[in-house]
Amino acid sequence: MGNFEIFATTTPGLERTLCAEVVELGFTGAQVVPGGVTFEGSWPDVWRANLWLRSAGRVLARVGSFRAFHLAQLDKRARKFDWAAFLRTDVPVRVEVTCRKSKIYHDNAARQRVERALTESAGVTLSAEAEVVLKVRIFDDLCTISIDTSGESLHKRGHKAGVGKAPMRENMAAAFLWQCGFTGSEAVVDPMCGSGTFVIEAAEIAAGIAPGRNRTFAFEQLATFDAAAWAAMRAKAQGHKADADALFYGSDRDAGAIKMATDNAVRAGVGVTFTRAAVSDLTPPDTPPGLVIVNPPYGARIGERKLLFSLYGALGKTLLERFSGWRVGIITSDGGLAKATGLPLLPTEGPIAHGGLKVQLYRTAPLP
């Protein structure tokens, strides 16, 4: 079908970061839209986007559209749509429909019409648990048909078995690393590493390996899938083994977290040094100055807020005394706690949704 519109979703507030990543990966026509980035491409571009995009949540292929002003018209045009160009009769499909600002306003009634067209005209089977999800959006009487080509959310890289109490999703961690200016050539330290998300993501970026290399995707179940071409693309996604042991460091006062993070890094195939240590015992590694990035407790779900001021204060004191020349990135939902570090914080770029909260990245320039 040639090129079509591809929509990569992300966490609200990270759209511009995702757009920069889309452009860097060489995709064309990238535009920021609410909730993500659109760009142009073909089916191999869909596969590559799923394989390589670090800060995306899902990749949707917008495979067609038509006008529909009432349910009978939706039924008729859905039956004429070329479903066989994308869907297989032996793979079940789940249908999701949303209607906004249209003469067709009943989501469930519209979904029933589309489902009937799929089963009666295209021979497609339906299942509420299907991995292949067909997303139909009727907005201003225009019916746009998209296929969720990812399956599970892209933050699930396929190698993390253990997570902490309030984990940072991998795609968010990658976006924050990007916003801190990390490109893969400098050391990264996380003094409250939990399950190791930040340093493992950093090590993967340095090694040039794709985040989706260890998982499967919904697009593998579509009629457009070419197994041989995908195998060749995936073979190039393994990158090279970086000497990461000297660049990426995680520490945590909890021994269970260190064990979990170490196991996660082994499954990811990257070298990260993890040690059990309190924030006050943190010392810089024997490398040129790089980036300290941390996702400390906010006091909203973990920790008592009043008690956290001393933790943030200790973190800031340690960094100012021992990490001259290093940049710092702190993710928190509480600006007061961020200021309690005493660090020379740069202006923030706006809130980002995270687990029902609004968090911000507080950055510094290289510390004096």
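This note goes through the aromatic pairs, two charge-over-ring arrangements, one histidine and one helix of a predicted model.

1. Aromatic pairs overall. The model contains 14 aromatic pairs. In one of them, F81 and W83, the ring centres lie 4.6 Å apart and the planes meet at 55 degrees, so the pair is classed as tilted. The classification follows from the angle, because planes under 30 degrees apart would count as stacked and those over 60 as edge-to-face. Both partners, F81 and W83, are buried.

2. The ring cluster. F81 and W83 also belong to a cluster held together by ring pairs. Its other members are F4, W43, F66 and F86. One of these, W43, is listed again among the buried residues of helix α2, which is taken up in point 6.

3. The pair F217 and W230. These two rings are arranged edge-to-face, with 5.9 Å from centre to centre and 90 degrees between the planes. F217 is in the loop between α6 (197-207) and α7 (227-235), while W230 is part of helix α7 itself; the pair therefore ties together parts that are 13 residues apart in sequence. F217 is buried, as is W230.

4. Charges over rings. Two arginines are placed over phenylalanine rings. The charged end of R48 sits over F27, at 4.0 Å from the ring centre. R137 lies over the face of F139, and here the distance to the ring centre is 4.7 Å.

5. H155. Where is H155 found? It is in the loop between β7 (142-148) and α5 (170-179). Its relative accessible area is 11%, and H155 counts as buried because this value is under 20%. The side chain of H155 makes a polar contact of 2.8 Å with the side chain of S153. Once neighbours within four places in sequence are set aside, the residues in contact with H155 are R169, E170 and N171.

6. Helix α2. How many of the 10 residues of helix α2 (residues 43-52) are buried? Seven are, so the helix is largely enclosed by the rest of the structure. The buried residues are W43, D45, V46, W47, A49, N50 and L51. They pack against three strands, β1 (4-9), β3 (36-41) and β4 (58-67), and against helix α7. Helix α7 also carries W230, the partner of F217 in the edge-to-face pair of point 3.

Methods. Residues numbered from 1 in each chain as written. Predicted model: local features only at pLDDT ≥ 70, side-chain atom pairs only at ≥ 80, totals over all residues. Heavy atoms only, no water. Phe/Tyr/Trp six-rings, centres within 6.5 Å; stacked < 30°, edge-to-face > 60°. Buried < 20%, exposed > 50% of the residue type's maximum accessible area, 1.4 Å probe, protein only. Helix = DSSP H or I, 4+ residues; strand = E, 2+ residues; numbered from the N terminus. Lys NZ or Arg CZ within 6 Å of the ring centre and 35° of its normal. Polar contact = N/O pair within 3.5 Å; in protein donor to acceptor, adjacent residues only side chain to side chain. Contact = heavy atoms within 4.5 Å.
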